[in-house]
Amino acid sequence: MPGKYARRYFSQLSEFERGLIIGMKTADWSTRRVAGHVDRSECAVRNCWEHWTREGTHAWKTRSGATRKTTRREDRRIVRQALVDPIGTRSTIRADVGVATVPQTISRHLAEANLKSKRRFRALPLTPEHRQQRLQWCQARSVWNVTDWQKVVFSDESRLVLGTDDNRVRVWRLPGERYNSPYTVLRHTARTAGVMVWEAIAYDSRSTLIVLRGTLTGQRYVDDILRPHVGPFLNGLPGAIFQQDNARPHTARVASRLPTSFSDSSMSNQLNAGLCGGMYCSWR
């Protein structure tokens, strides 16, 4: 039997039961009879007796394990340094604390304090006005039901970065602290090598995935997306509400004047006033 299973069965016995088993086995009791008397399995009785005959004692030998490379005080300093500088790497924490250990030891001590390496939450740089407008937008639609949301068509473009470095920064934090400001990084759009795609989705349908090469401007947004794709897609969804965020191509004058040029009633109304800070504006 493997050692871990033998130790498990042996550890189930109390000190009194171990001595009782050894006494009855010394009196030539059978293993089955001893197991029935102490109400233990025959395997546990057999392991206890074999350990006595091999070691000369019924106590399990204490093992010291691996020698600790850090003291308790250094362990607390490691945790405190991670809390003070959550974006610090294991190497920087080791250098700041001044301990001679491997990075895996730093991770283990932080894990014991429930600190794990997580990606920083990306948030938009919103002003108080943006936050107030977002709250009003959500409150106005808090009573919508499934039927109301079935009429909404969401659209957005996404840029796929082709570079090897995504500038990802990891932080040490406790569970539930994802949205705290020290663990949040503000993101802005930047010009890097990549491919941009656009698509719109509705409750039970979606538009064609469009691959955009180059920079998306207001005129390109009208010529390559709105006229050839959005118009025909909304024609098949009577009463649909087209949602888009406040990216610069979406709020350009050429794009804002476009809804009045469509003959279809679903896009004939004026563009509603969109909310700043990335909140959606809609065509009804």
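1. Let me start with K118, which is partly exposed, at a relative accessible area of 35%. This is a predicted model, so please read every value below as computed from its coordinates. K118 sits in strand β1, and this lysine belongs to a patch of positive charge on the surface. The other members of the patch are K116, R119, R122, R170 and R178. Which strand gives the most to the positive patch? That is strand β1, residues 116–119, with 3 residues. Patch members must have over 30% relative accessible area, and K118, at 35%, meets that condition.

2. Next, the nonpolar interior. The largest nonpolar core has 19 residues. V153, W198, Y221, I225, L226 and F242 are the ones with the most contacts inside this core. Three elements give two or more residues each: β6 (194–201), β7 (210–212) and α10 (218–235). Of these, α10 gives the most, with 7 residues.

3. A pair worth a look beside that core is D156 and W198. W198 is among the core residues with the most contacts, while D156 has its place in strand β3, residues 152–161. The two are 42 residues apart in sequence, yet their C-alpha atoms are 5.9 Å apart in space. Is D156 buried, partly exposed or exposed? D156 counts as partly exposed, because its relative accessibility is 35% and the partly exposed class lies between 20% and 50%.

4. Now for the charged pairs. How many salt bridges does the structure hold? There are 6. One of them joins R40 to E17, with the closest N and O atoms 3.0 Å apart. R40 lies in the loop between α3 (31–38) and α4 (42–55), and E17 lies in helix α2 (residues 15–26), so this bridge ties together parts that are 23 residues apart in sequence. The surroundings of the two partners can be read from their accessibilities: R40 counts as partly exposed at 27%, whereas E17 is buried, with a relative accessible area of 16%.

5. A second bridge, between R46 and E42, stays within one helix. Their side chains meet with an N to O distance of 3.9 Å. Why are these two residues separated by about one helical turn? Because they are 4 residues apart in helix α4. Both ends are partly exposed: R46 has a relative accessibility of 37%, and E42 has 32%. This pair also has company, as R32, E42 and R46 are linked in a network of salt bridges. If you are setting up distance cut-offs of your own, note that the salt-bridge limit here is 4 Å, and that the R46 and E42 pair is at 3.9 Å.

6. E199 and R206 make another salt bridge, again at 3.9 Å from N to O. Here E199 is partly exposed, with a relative accessible area of 24%, but R206 counts as exposed at 62%.

7. Two backbone details deserve a moment. D28 has a positive phi of about 65 degrees although it is not a glycine, and D39 likewise has a positive phi, of about 60 degrees, without being a glycine. Where does each aspartate lie? D28 is in the loop between α2 and α3, and D39 is found in the loop between α3 and α4. That second loop is also home to R40, the partner of E17 described above. Both aspartates count as exposed: D28 has a relative accessibility of 70%, and D39 has 67%.

8. Last, a contact between positions apart in sequence on the helical side of the story. S107 is found in helix α7, residues 103–112, and counts as partly exposed, with 21% relative accessibility. What separates S107 from R90, in sequence and in space? They are 17 residues apart along the chain and 7.2 Å apart from C-alpha to C-alpha.

Technical notes
Residues are numbered from 1 along each chain as its sequence is written. This is a predicted model: local features need pLDDT of at least 70, side-chain atom pairs count only at pLDDT 80 or more; totals for chains, interfaces and linings use all residues. Side-chain values use heavy atoms; hydrogens and water are left out. Patches are made of residues with over 30% relative accessible area and no salt bridge: like charges are joined within 9 Å, nonpolar side chains (Val, Leu, Ile, Met, Phe, Trp, Tyr) within 5 Å. Accessible areas come from the Shrake-Rupley method with a 1.4 Å probe; for residues, only the protein chains shown count as cover. Lys and Arg count as positive and Asp and Glu as negative; His and the chain ends are not counted. The place of a charge is taken as NZ of Lys, CZ of Arg, CG of Asp or CD of Glu. Buried means under 20% relative accessible area, exposed over 50%, partly exposed in between (1.4 Å probe, protein chains only). A nonpolar core is a set of buried Ala, Val, Leu, Ile, Met, Phe, Trp, Tyr and Cys residues joined through side-chain atoms within 4.5 Å.
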